[in-house]
Amino acid sequence: MSSKIEHYPGRFKFVILLLALVVGVIVWMLFDRHVLNNTFLKEQGDLRSVRYMPIPAHRGMITDRNGRYLAVSTPVISLWGNPKELINIPEEWPKLATALEQDIGVLSDRIKNNKDKEFIYLARGLDPDKGESILKQKIIGVYSLEEYRRFYPAGDSVSQVIGFTDIDDKGREGIELAYNNWLTGVPGRREVLKDRRGHLIKDIQVIRPAKPGKDIQLSIDLRLQYLASRELHNAIEEYGAKSASLVLIDVKTGEILAMANQPTYNPNNRAALKPEEIRNRALLDAFEPGSTVKPFSMSAALATGRWKPTDTVDVRGGKLRIGHYTISDVSRATILDLTGVLKKSSNIGMSKIAFDIGAEPIYDVMKKVGFGDSTGLGFPGEGAGFLPVHRKWGAAETATLSYGYGISVTPTQLAHAYATLANNGVSLPLSLIKRNDVPNGTQAIDPEVSKTVRRMLQSVVEDEGGVFRARVSGYLIAGKSGTARKTIVNKGYGENHYRAFFAGMAPASNPRLVMVVVIDDPTKVGYFGGLLAAPVFSKVMSETLRMMNIVPDNLLTADGSIARTTN
Ligand code: 59J
């Protein structure tokens, strides 16, 4: 058998050779791919890697009632870096720092401190042009992200209402916070082909389109808002006041047409935000409203049927003692009818009426017009104020409630209550969002009573000796001024700190608009509401009536007599 093998020595050699050749080819191929052609293939592979990228969804717009932009999202580019790559190219850092307009020391420290990470932000929210020009320099380890940045075209005039978003586009204050879910979009997803440096080679497909956030149209009229904000600004300057607020309501719909506060801030530049500028005082700050609530106490008195406008009270002396408590009047008077009590703003007169009817009817009206309850606007941090309730009301508590102390309200609540008086006693829920339909209201004050009180408030402004600074030429105004001493923590009522108010409506014959003006802690000119707040009311109301084309109800006729429309 062994001799047989020796007969075919050539065949054996051939097989060995063949095997060796195959092994050799494999080794060569391995060598070729792993050593000779390594970079070429790696580059080819890297050049064509499939990635998934988010498609940014833009946030819904906020506009005023006429579609004017209040908050819009503009596309921006954010640049990020991969420190693992950047750490290897220190020679490029100065170029990068210059392009980013950043300090080279700070940038190199950030790269070094994050050298084990794969992501750091280099710059966020750059103008697309700027971002692209930096990307064009093709610095290794520098990548981009598409994002949106919020821009507030109306500047500082509506800032406390709109609020703002943070760097991640999330609502942080105001409407931006309250309606964050509504405004926020859902990012989409796309499949792309990218090179190793993250540069897009090819869009493959949109896996899920971005769902943009939904828009919001506010009830605010930007023209009126500008006007209100400007006049409040002038007022705090002229009066040396700490702050001021204004609320303007459409009586027929419950929509808030303007809500302004000073001091304010520019939402587009929030480098040095101060808490006192951010607060939407008109909705958040509650304080003792003083005599601006007298019309509601008067409504209660009339509604009991025990009082009619011609009835009188004796307010002689200017002081009324009840036990340890003294009620004082600033303006001296003798015998006043009910209109006179409002015109002279007699605390004594109001208290005597309150003693006669008791505190409960007054409490009931105040409760029904919304004092002590949040207005339900859903605004973050909105105040409810405070309406006291007692099982047994003492004389001092009854008196102070009737002329506006021991109770606290926000400017918006006060405006809401006046809007109810203006709307024949029907309380409509307020809205900061534009309304298409007017919701059902509730009858909070008897319609006849509200008409009577309105006529009294017209006398307060339009009659001789009235609050003439609140008047508007061509229109009849009904309203009430107020001046309230401010309480100082642990010190009771301060001698030199006041709030000046004016709350009113126009045209008085058939009111369309209600406005409340509050000036906090004036230090110049004076401190009475009739002196400081009434002129602001007059200026803003005057322009508002004209801008809204509301028919005048107080025009001079050709023969010089006054044509007054009454309802
Ligand atoms: C007033 C108060 C403080 C609290 C008094 C204003 C009270 C009171 C205890 C003295 C200035 C002042 C609970 S005045 O609003 O009566 O608006 O044009 O602050 O009475 O009992 O040196 N308003 N204001 N009262 N307190 N407590 C008048 C009046 C009002 C005016 C002027 C003159 C006060 C007509 C206020 C206005 O109607």
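## Close-up views of salt bridges, a surface patch and enclosed spaces

**View 1. A salt bridge between strands β6 and β7.** Asp-203 is partly exposed, with a relative accessible area of 43%. In this predicted model, the side chain of Asp-203 meets that of Arg-190 in a salt bridge, with an N to O distance of 3.3 Å. Because Arg-190 belongs to strand β6 (residues 188–194) and Asp-203 to strand β7 (residues 200–208), the pair ties together parts that are 13 residues apart in sequence. Arg-190, for its part, has a relative accessible area of 14% and is buried. Side chains of opposite charge can pair when their charged atoms come close, and a search of the whole structure finds 28 salt bridges.

**View 2. A salt bridge between two loops, Lys-242 with Asp-521.** The closest N and O atoms of Lys-242 and Asp-521 are 3.5 Å apart, and the two residues form a salt bridge. Lys-242 sits in the loop between α11 (222–239) and β9 (243–250), while Asp-521 sits in the loop between β19 (513–520) and α21, so that distant parts of the chain, 279 residues apart, are linked by this pair. Lys-242 is exposed, with a relative accessible area of 53%, whereas Asp-521, at 5% relative accessibility, counts as buried.

**View 3. A buried salt bridge, and a network of charged residues.** Lys-486 and Asp-520 form a salt bridge in which the closest N and O atoms are 2.8 Å apart. Lys-486 lies in strand β17 and Asp-520 in strand β19, and the pair therefore ties together parts that are 34 residues apart in sequence. Both Lys-486 and Asp-520 are buried. Elsewhere in the list of pairs, Arg-230, Glu-231, Lys-539 and Glu-543 are joined into one network by salt bridges that share partners.

**View 4. A nonpolar patch on the surface.** The patch is formed by Leu-21, Val-25, Trp-28, Met-29, Phe-31 and Val-35, which together have about 600 Å² of accessible area. One of these residues, Val-35, lies in helix α2, which covers residues 9–36. Val-35 counts as exposed because its relative accessibility is 51%, and the cut-off for that class is over 50%.

**View 5. The second largest pocket and its lining.** About 1,100 Å³ of space lies in this second largest pocket. The pocket is lined by 38 residues, of which Val-330, Ser-345, Asn-347, Thr-483 and Phe-528 are the closest to its centre. At least two lining residues come from each of β13 (325–328), α15 (338–343), β17 (478–488), β18 (492–506) and α21 (529–547), and β17 gives the most, with six residues. Sorted by class, the lining of the second largest pocket holds 15 nonpolar, 14 polar and nine charged residues.

**View 6. The second largest cavity and its lining.** Rolling a probe the size of a water molecule over the atoms shows where empty space is left. Across the whole structure, a search finds four cavities of 30 Å³ or more, and the second largest cavity holds about 50 Å³ of space. Its lining consists of Asp-250, Val-251, Gly-254, His-416, Ala-419, Thr-420, Asn-423, Val-426, Ser-427, Leu-428 and Leu-430. Helix α19 (411–422) and strand β15 (426–427) each supply at least two residues of the lining of the second largest cavity, with α19 giving the most, three residues. By class, five of the lining residues of this cavity are nonpolar, five are polar and one is charged.

How values were computed
Residues are numbered from 1 along each chain as its sequence is written. This is a predicted model: local features need pLDDT of at least 70, side-chain atom pairs count only at pLDDT 80 or more; totals for chains, interfaces and linings use all residues. Side-chain values use heavy atoms; hydrogens and water are left out. Patches are made of residues with over 30% relative accessible area and no salt bridge: like charges are joined within 9 Å, nonpolar side chains (Val, Leu, Ile, Met, Phe, Trp, Tyr) within 5 Å. Accessible areas come from the Shrake-Rupley method with a 1.4 Å probe; for residues, only the protein chains shown count as cover. A salt bridge is a side-chain nitrogen of Lys or Arg within 4 Å of a carboxyl oxygen of Asp or Glu. Helices (H or I, at least four residues) and strands (E, at least two) are DSSP runs, numbered from the N terminus. Buried means under 20% relative accessible area, exposed over 50%, partly exposed in between (1.4 Å probe, protein chains only). On a 1 Å grid over the protein atoms alone, a cavity is a set of points where a 1.4 Å probe fits but cannot get out, and a pocket is an open set with protein on both sides within 12 Å along at least five of seven lines; lining residues have an atom within 4 Å of a point. Grid points are joined across faces, edges and corners, and a volume is the space filled by probe spheres set on the points. Ala, Val, Leu, Ile, Met, Phe, Trp, Tyr, Cys and Pro count as nonpolar, Asp, Glu, Lys and Arg as charged, and the others, Gly among them, as polar.
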